[in-house]
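Here are some notes for a first look at this structure. Please read them with the model open beside you.

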Amino acid sequence: MARRRQIYEGKAKVLFEGPEPGTLVQYFKDDASANNNTKRGVITGKGVLNNRISEYLMLRLGEMGIPTHFVRRLNMREQLVREVEIIPVEVICRNVAAGTFAKRFNIPEGQPLPRSVVEYYYKSDELDDPLVSEEHITAFGWATPQDLDDIMSLTLRINDFLSGLFLGIGIRLVDFRLEFGRLWENDEMRIVVADEISPDSCRLWDTKTGEKMDKDRFRRDLGRVEEAYQEVARRLGILPEGGPRDLKGPEIMQ
Ligand code: 5GP
């Protein structure tokens, strides 16, 4: 088989040209990085788990009418996605103070926020993804006010939906990061969710113990990183324990 053309290589994923025009193959690596690439490592099996977890979450979002770039999973590490024009803004939604937010406002990690807070960061490794306002985004032409209206309402719907989904399996959705892209169909443009939704891009805490089940285990050298990703997949019912035939539905926690 001819080697596929690589379009882009990021820290955790590689994008290849897809089998049909307008599609891409998204390959999930085990590589992990943090602190703007100054900390690097490998989380064995992460790519396989994130491919599955992101597939599961994107499908559930699709079912409730939230458009995403996801088409289908191809194999253990790859999924077929629609090619979109990525909006160079990371959208972060927070329910509980943690990470850079807790630090910026000197709030203890774990303090619930009075309401969900949506923030925008400009995607730039060179500038270390600075926090930006709607004014910056529209002035620099990264997105239009209409795009931002769509992004905000999609983000809040996603937050409500994912918070409930995770709560049902004993996980608190502390915060998460989304990327959006523009998808052109004929002359119509739609904003769709792109990239991935996984423990790499979400803070997930066990509701009973408060234990971190996400990439903070790697960022903060907490150990048991692989196990945390596996546990998220297991609770979602998507970790094949006895091979691919052993897929169960989500495990409801009391
Ligand atoms: P913080 O700003 O506190 O570092 O991160 C907030 C949330 O966004 C966390 O859930 C974190 O995992 C996610 N996040 C922030 N920046 C990135 C990024 O560059 N890549 C990914 N995958 N997630 C990010």
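How do the axes of helix 1 and helix 4 cross, and within what distance do they come?

1. This is a predicted model. The axes of helix 1 (residues 46-63) and helix 4 (residues 145-167) come within 11 Å. They cross at roughly 125°. Oblique angles here lie between 35 and 65 or between 115 and 145 degrees, so helix 1 is oblique to helix 4. The crossing of these two helices is right-handed.

2. Which residues make this contact? Helix 1 brings Y56, L57, R60 and L61. Helix 4 brings I158, F161, L162, L165 and F166. By class, the residues of the contact are eight nonpolar and one charged, with no polar residue.

3. Now the sheet. It is open, has five strands and follows the order 1-2-3-7-6. The pairing is antiparallel. Strand 1 (6-9) and strand 6 (70-73) have a single partner strand each, so they stand at the edges and one side of each lacks a neighbour in the sheet. On average, neighbouring strands are turned by 25° against each other, direction ignored.

4. Take the edge at strand 6. Strand 6 pairs with strand 7 (residues 78-82) in the antiparallel sense, over three bridges. R73 has Q79 of strand 7 as its bridge partner.

5. Where does helix 1 lie relative to the strands? Helix 1 lies across strand 3 (23-28), strand 6 and strand 7. Helix 1 runs at about 130° to strand 6. Helix 1 thus appears in two places in these notes: in the contact with helix 4 and across these strands.

Definitions and conventions: Residues are numbered from 1 along each chain as its sequence is written. This is a predicted model: local features need pLDDT of at least 70, side-chain atom pairs count only at pLDDT 80 or more; totals for chains, interfaces and linings use all residues. Side-chain values use heavy atoms; hydrogens and water are left out. Axes are lines fitted to C-alpha atoms, for helices over the stretch in contact, and angles run from 0 to 180 degrees between N-to-C directions. Helices (H or I, at least four residues) and strands (E, at least two) are DSSP runs, numbered from the N terminus. A crossing is left-handed if the near helix is turned anticlockwise from the far one by less than a right angle, and right-handed if clockwise. Contact means heavy atoms within 4.5 Å. Ala, Val, Leu, Ile, Met, Phe, Trp, Tyr, Cys and Pro count as nonpolar, Asp, Glu, Lys and Arg as charged, and the others, Gly among them, as polar. Two strands pair if DSSP finds at least two bridges between them.
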